[in-house]
Protein chains: 8
Amino acid sequence: ERVGYPEVIYCEHKTTPQVAAIFKALAVKGHNVLATRISKEAAEAVLNDFPSARYNPLGRTVALYQGIQKETPHKIAIVSAGTSDLNVVEEAYETVLCFGNRVDKIVDVGVAGIHRLFNKLELIREARVIIVVAGMEGALASVLGGLVDKPVIAVPTSVGYGASFNGLSALLTMLNSCASGITVVNIDNGFGAAYAASQINQL
Amino acid sequence: ERVGYPEVIYCEHKTTPQVAAIFKALAVKGHNVLATRISKEAAEAVLNDFPSARYNPLGRTVALYQGIQKETPHKIAIVSAGTSDLNVVEEAYETVLCFGNRVDKIVDVGVAGIHRLFNKLELIREARVIIVVAGMEGALASVLGGLVDKPVIAVPTSVGYGASFNGLSALLTMLNSCASGITVVNIDNGFGAAYAASQINQL
Amino acid sequence: ERVGYPEVIYCEHKTTPQVAAIFKALAVKGHNVLATRISKEAAEAVLNDFPSARYNPLGRTVALYQGIQKETPHKIAIVSAGTSDLNVVEEAYETVLCFGNRVDKIVDVGVAGIHRLFNKLELIREARVIIVVAGMEGALASVLGGLVDKPVIAVPTSVGYGASFNGLSALLTMLNSCASGITVVNIDNGFGAAYAASQINQL
Amino acid sequence: ERVGYPEVIYCEHKTTPQVAAIFKALAVKGHNVLATRISKEAAEAVLNDFPSARYNPLGRTVALYQGIQKETPHKIAIVSAGTSDLNVVEEAYETVLCFGNRVDKIVDVGVAGIHRLFNKLELIREARVIIVVAGMEGALASVLGGLVDKPVIAVPTSVGYGASFNGLSALLTMLNSCASGITVVNIDNGFGAAYAASQINQL
Amino acid sequence: ERVGYPEVIYCEHKTTPQVAAIFKALAVKGHNVLATRISKEAAEAVLNDFPSARYNPLGRTVALYQGIQKETPHKIAIVSAGTSDLNVVEEAYETVLCFGNRVDKIVDVGVAGIHRLFNKLELIREARVIIVVAGMEGALASVLGGLVDKPVIAVPTSVGYGASFNGLSALLTMLNSCASGITVVNIDNGFGAAYAASQINQL
Amino acid sequence: ERVGYPEVIYCEHKTTPQVAAIFKALAVKGHNVLATRISKEAAEAVLNDFPSARYNPLGRTVALYQGIQKETPHKIAIVSAGTSDLNVVEEAYETVLCFGNRVDKIVDVGVAGIHRLFNKLELIREARVIIVVAGMEGALASVLGGLVDKPVIAVPTSVGYGASFNGLSALLTMLNSCASGITVVNIDNGFGAAYAASQINQL
Amino acid sequence: ERVGYPEVIYCEHKTTPQVAAIFKALAVKGHNVLATRISKEAAEAVLNDFPSARYNPLGRTVALYQGIQKETPHKIAIVSAGTSDLNVVEEAYETVLCFGNRVDKIVDVGVAGIHRLFNKLELIREARVIIVVAGMEGALASVLGGLVDKPVIAVPTSVGYGASFNGLSALLTMLNSCASGITVVNIDNGFGAAYAASQINQL
Amino acid sequence: ERVGYPEVIYCEHKTTPQVAAIFKALAVKGHNVLATRISKEAAEAVLNDFPSARYNPLGRTVALYQGIQKETPHKIAIVSAGTSDLNVVEEAYETVLCFGNRVDKIVDVGVAGIHRLFNKLELIREARVIIVVAGMEGALASVLGGLVDKPVIAVPTSVGYGASFNGLSALLTMLNSCASGITVVNIDNGFGAAYAASQINQL
Ligand SMILES: Nc1ncnc2c1ncn2[C@@H]1O[C@H](COP(=O)(O)O)[C@@H](O)[C@H]1O
Ligand SMILES: Nc1ncnc2c1ncn2[C@@H]1O[C@H](COP(=O)(O)O)[C@@H](O)[C@H]1O
Ligand SMILES: Nc1ncnc2c1ncn2[C@@H]1O[C@H](COP(=O)(O)O)[C@@H](O)[C@H]1O
Ligand SMILES: Nc1ncnc2c1ncn2[C@@H]1O[C@H](COP(=O)(O)O)[C@@H](O)[C@H]1O
Ligand SMILES: [Mg+2]
Ligand SMILES: [Mg+2]
Ligand SMILES: [Mg+2]
Ligand SMILES: [Mg+2]
Ligand SMILES: [Mg+2]
Ligand SMILES: [Mg+2]
Ligand SMILES: [Mg+2]
Ligand SMILES: [Mg+2]
């Protein structure tokens, strides 16, 4: 049994029947259930069983809410540079929601046009924890880290080509950030960042 | 002006006169001052000017406290595997103290003798945030992450030889941890982990 | 002529007709035959010729037993973290069986929920040699290595994403393990671990 | 005979007598001469022969100016994040000067405190070409690239520790920059960036 | 809004409807529009809307010219080694054209038959900026850099196999070039090289 | 308390006083004690306290034997290619002795002169477990693995230059060995190989 | 105009019509023509035009011989470890033949069963140059290099999995070989090894 | 006993007394003896015993010639880019001489000033085998390979900084060379290149 409250299924190496069976087993116990990295096929199987579940095809998640959920007083902000990172953003988004957090999504604020970031700074500063999602060179984490005084969790993404080496470049950028207070999760790990952010938000 | 309260000097590429001058300039303004990665020579120069400052040779820090410091209600735990990681532990320790946090140090609880970790689990669980410091294969972060329900910040260290590749092995271990809620900072970055932990502890 | 008793065919770069022909040639001499890394198509061709052979689709093996096999007095334990590593577990399992060893499979005992490992420790300690199969951060090998006093052979798997770098992270973890007595084979090499374990078990 | 006007000596693998001899041979022909990566010892030998030469110990250069030098109408800006990158800044500075360019140095404008960069933006925008020098995560190049409409030449530095991998992190950041118009030179290659900037500035 | 004049769409992670919609939105404002990394399907959708747009399937670009374009007085030269690098050459070519530059393409002048390069040297020297596109070992950049006195922007390509490591070999070659004045962009980044060349050409 | 019988001290990151104190504390309890990676200075301090201890400067070990030790019926063979690998050979040698095993050392049997290996094959085959120590390309492990039917534990060494990358080449060779039954430990980890060999030898 | 006598077409990044057209253009001039890395489709197009050409599907080559070819007095030996390396062996084989060399192929002599190599040693020693093709750990090159006194050209192949890293392991092994006289070409470059061997054989 | 005629001692990991003893043992048997990678101290010890031996401090070799040596009819050419590669050039030079070959050294013909190479092309073409020594980007091997029709053996050197990664860049360049007939040895392995060249020269 996992720590935390909703039950989470990581679907990457599971077959559609396996996913559907595990989902049902957890749901019938009354848990909220979140399936991540779910294939379209498996999502359809789950939705067949639970028509009220919410499928997010971009985030590759299915979430089933059962019973009333109390919202956190504080918010999490999810900030990202551009359209290419949206599937990681959505995975993080569904996860923070499913763990009962209020959340703001601020996308398309990449460092190449930094004024867009400044326009959203007030909104971002309302959050108690900030998740930054960025691929290519990942500089957004450093810039944002210097602008806010809250914990920043950085998610490098595998978006890019050539010397991005499938996310390695963004990962190293974030680990070497000269702004203090930034911690990092695995490449494309929107779920992990959201889980940690939720833990912090609910302290 | 930096975010955060005490002023921090990162001494790595600075000469002794530079360090001493920056330290003095910050101290005379009444700030608490923390110097990290300080050489023995520079530490002595600073202590000459400020005999009441505390030098931690293992952690390579000098800290000057001015005025009364209010302690946080919550504690941070710093957990590590063995004697080899102590300089990173001490850098983190001095930093969390300097930012006004209560703290417990739990060292020598490596996974090769896991019962020692279990003996300290109750103490660790009292903390609001946990810093795990580990070199070589860095497995302690995963194990501990599964045992606690608080944010865990993992610091890989460059301790090891051969295929540890100066901390790369521990870094990858921590990034790939199958326990949820673990975030990671740069190799040997005890300061960064402590800064993030302090931010979380004081939310 | 190879060392060891059953004849083994490594099917990776062989065509279906090649696999079928080699299998038949070895089988008619009366050997037990084990085909590893076999495709579904090649497996079906072999089963057509030898309907009594056993096909393990998860482990991608076909095994043909001819004549009575004497079982070893001692057991090998195969321990793994989760469902994602099962194809490597099954390759190892079929191999140790085919070489005439008694064996216990203990799966789903990952370090993120360490009590599950403790529940199985007595069973694992009955074995004379232990094979640990783990992907992602591979910490299970270190933890188990500290809990048992028998030779531990660790198999990193390519399961994971991002900074797991196709098994590199787990491989480095295992090579740097701070628990003594752990030796390592190539990523995903369930066969190799099983072969070595069998040699040791039959000393 | 080399392209370009002043003669340049790269001293890295040369002995003091070799450096002194080459310097003298070029100087007596009436050329301006620039020695880069010069050791303290070799610099002293050269200054002994040419007391009017200028030694920059931080930049590890010695420059000898002979005859009147016409200044370019346009300026080059050299921008950097912090004190640690100064030796690369100084190598670039001495080189652009020696090739007859007007130049502004703007240091200590790292992305962790981005307002400092904004304070200097007007000055930076006066330049025709911009050299950005940055270590650790190297995000300054991306940010600046989005703020100016001039060619930006980025120099990653080997400053940092752990996952900076001696400048690899900054190099990858700069190559993957999502701001257009940024080109990159080798780690710590202040000379190369300055040479290219000078070529552009004098078109 | 981007710096520079034509509007550019990077299509890599966008769906066909997304590309078509963004293209239309920019075009109706009267901008010239350049789509890069466009799929055949998306190109056809755009051409359906704008039959006068030019599709370059090798360069994976679609360009729409609206209004009269003033040509630069100076030329850019795009130089490459062989047929395998042509898609990067064409991406660069369409980009420099779209930004209003005169341009010469000189392909098939690889260093293995260096006389072909010498035959074209006069033409290349007419350019104000030179883009060199090369895969495998990328030596063309160094050789050409020594033969011309103009800024050289080098684009490593992912062409090759084995130890070319998808362009890493050519990238390192270009970064380490012993000819002065060479700057480098990301692997396969024909657009970026062209953008920087255009900025320089129009100073 | 460690598994296994003699107490082992890994001295790498310990000061001379720390080593001396730990050694004494273990020795007075009557244990056999083995110190590995010991500096000359620390060794002298230990020998001062325990003049009967044996210092192996090549292997960087100090061993103290107390009480009578029962020898194993079976032997371990330590096989190596040349004089450069001797410090790893000696570390393994002292370790297997200290754990009470009979042992044969067979050095200077590199694959470049394979007849020397054949001359020693009979002796090697007497062993129950074989440790192979090899640097540079590490081919000895593969060759020997094909010639014997016993467990082979391979230790890559950091001996070599250039593309040996401090032992990486030998490590990869051993992990990819096409001879079955070979398991591998960390680069230069003579102790680990010996510990595992001893466990197997005493089954 | 190329060095060497037959004309060679490297088909990797060429379309079928391009390959067919280049082949025809070279053939009508009376040259022998060798196409390497040819697809099945392109091979069929060429064979349609030149029915007497020889297609080697394993080696992915098409060779057209026109006029009488004088054979070299000396032989080249191509030696390989196993069935998996055969496509590289065949590429080398077709190339040495096409350049007019006598040749012996000796396959399936891997180091895991070294007696098979010894059985063929006399034949191998008849050659003036030896090409060794090996994947996985590539140890065959070292062993053979120590047994013969002729130039040995080693071709690492991308055969393997896990820590073979697509041929990197074999490449490093061969570069670090402790047997003298071994030179190395790119991973899977059977053509390059054959070209160099032919040059040497015809001195 | 080694293949080839003079006896060679690789001194890297040997003590001065070991080197002196081995040298003497081989010399008294009447062999020519070549010591490579010899320290200044060990060289002096050898010269004390054999005052007629020749010490090359740049190449770190000592050579002792005994008896009359027959020179080869053909020559080897050693070609290099600049002064920084000279120690590898000298190691190769002493080796080819010691194995009885005629030799021409052509240094300072780097690709950044390619006319210098053309001035020496006639001389280089007189050789039967060509050794190319180059660091940084190593492009010289490709250029020369396209200009000559003889076997070319390329030696990458560790000269350079930053992204040269201690010779990796030059190594990859040479392995990926698009000129046919180039084979490669380990980084800085002047001896190995010379040994192979000598074998070829004496066929
Ligand atoms: N050990 C450390 N590693 C990384 N960053 C640090 C460290 N110690 C301090 N810092 C950061 O460096 C800043 C001070 O840098 P500086 O102004 O160069 O002295 C502090 O505000 C911290 O953000
Ligand atoms: N999964 C595997 N990974 C690596 N080696 C294997 C594997 N399965 C079998 N082998 C080895 O491959 C040999 C058979 O190779 P082959 O003769 O090519 O079929 C066996 O004797 C084993 O040594
Ligand atoms: N810091 C530097 N990094 C790289 N190349 C340099 C540097 N300084 C000078 N150079 C180059 O080295 C050449 C001189 O090399 P050398 O003839 O060996 O003294 C100059 O013309 C420059 O092209
Ligand atoms: N398999 C191969 N790998 C690398 N280079 C090759 C290969 N086959 C042919 N070549 C080279 O490619 C040249 C022909 O290239 P191309 O003109 O593009 O067809 C030949 O002259 C060879 O130098
Ligand atoms: Mg902050
Ligand atoms: Mg937890
Ligand atoms: Mg154990
Ligand atoms: Mg810009
Ligand atoms: Mg130039
Ligand atoms: Mg064996
Ligand atoms: Mg030989
Ligand atoms: Mg040639």
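A polar contact here is a pair of N or O atoms within 3.5 Å. By that yardstick, a backbone N or O atom of C:Tyr10 sits 2.8 Å from an oxygen atom of ligand 2, in what is a predicted model. The side chain of C:Lys14 also falls inside the cut-off, with an N or O atom 2.7 Å from an oxygen atom of ligand 2. From another chain, F:Ser180 places a polar side-chain atom 2.5 Å from an oxygen atom of the ligand. Taken alone, ligand 2 exposes 510 Å², and the protein buries 81% of that.

The wider surroundings of ligand 2 come to 12 residues, the closest being C:Tyr10, C:Lys14, C:Thr36, F:Ser180 and G:Tyr161. The site is shared between chains, because the residues around ligand 2 come from chains C, F and G. As for secondary structure, strand β1 of chain C (residues 7-10) gives the most to this shell, with three residues. Sorted by class, the shell around ligand 2 has five nonpolar, three polar and four charged residues.

Ligand 3 gets its own set of neighbours. Around it stand 12 residues, and D:Tyr10, D:Lys14, D:Thr36, E:Ser180 and H:Tyr161 are the closest. Since chains D, E and H all provide residues around ligand 3, this site too is shared between chains. Strand β1 of chain D, spanning residues 7-10, makes the biggest contribution to the shell, namely three residues. The class breakdown for the shell around ligand 3 reads five nonpolar, three polar and four charged.

On the nitrogen side of ligand 3, two residues of chain D come into play: D:Thr36 has a polar side-chain atom 2.7 Å from a nitrogen atom of the ligand, while a polar side-chain atom of D:Asn189 lies 3.4 Å from a nitrogen atom of the ligand. Chain E deals with an oxygen instead, as the side chain of E:Ser180 has an N or O atom 2.4 Å from an oxygen atom of ligand 3. Ligand 3 on its own exposes 500 Å², 81% of which the protein buries.

Turning to the chain pairs, F and C, which both line the ligand 2 site, also meet each other: 25 residues of chain F are in contact with 25 residues of chain C. How much area do chain F and chain C bury between them? The figure is about 2200 Å², with 63% of it on carbon and sulfur atoms. On the chain F side, F:Leu175, F:Gln199 and F:Leu203 account for 26% of the area that chain F buries against chain C, more than any other three residues. Zero salt bridges turn up between chain F and chain C, but there are six residue pairs in polar contact across the interface, with both partners at pLDDT 80 or more.

Three elements of chain F, α7 (168-175), β9 (182-184) and α8 (190-201), give two or more residues each to the side that touches chain C. Of these, α8(F) supplies the largest share, five residues. That side of chain F divides into 14 nonpolar, eight polar and three charged residues.

Chains A and B likewise form an interface, where 25 residues of chain A are in contact with 25 residues of chain B. The area buried between chain A and chain B is about 2200 Å², and carbon and sulfur atoms give 63% of it. A trio made up of A:Leu175, A:Gln199 and A:Leu203 supplies 26% of what chain A buries against chain B, more than any other three residues. Here again the salt-bridge count is zero, and six residue pairs are in polar contact, both residues at pLDDT 80 or more.

The side of chain A that touches chain B draws at least two residues from each of α7 (168-175), β9 (182-184) and α8 (190-201). The top contributor is α8(A), with five residues. By class, this side of chain A comprises 14 nonpolar, eight polar and three charged residues.

Some chain pairs make no contact at all. Chain E and chain F do not touch, their nearest C-alpha atoms being 13 Å apart. Chain C and chain H do not touch either, with 21 Å between their nearest C-alpha atoms.

Definitions and conventions:
Residues numbered from 1 in each chain as written. Chains lettered and ligands numbered in written order. Predicted model: local features only at pLDDT ≥ 70, side-chain atom pairs only at ≥ 80, totals over all residues. Heavy atoms only, no water. Near = heavy atom within 4 Å. Polar contact = N/O pair within 3.5 Å; in protein donor to acceptor, adjacent residues only side chain to side chain. Areas by Shrake-Rupley, 256 points an atom, 1.4 Å probe, with all protein chains shown as cover. Helix = DSSP H or I, 4+ residues; strand = E, 2+ residues; numbered from the N terminus. Nonpolar A, V, L, I, M, F, W, Y, C, P; charged D, E, K, R; others polar. Contact = heavy atoms within 4.5 Å. Buried area = accessible area lost by both parts, 1.4 Å probe. Salt bridge = Lys/Arg side-chain N within 4 Å of Asp/Glu carboxyl O.
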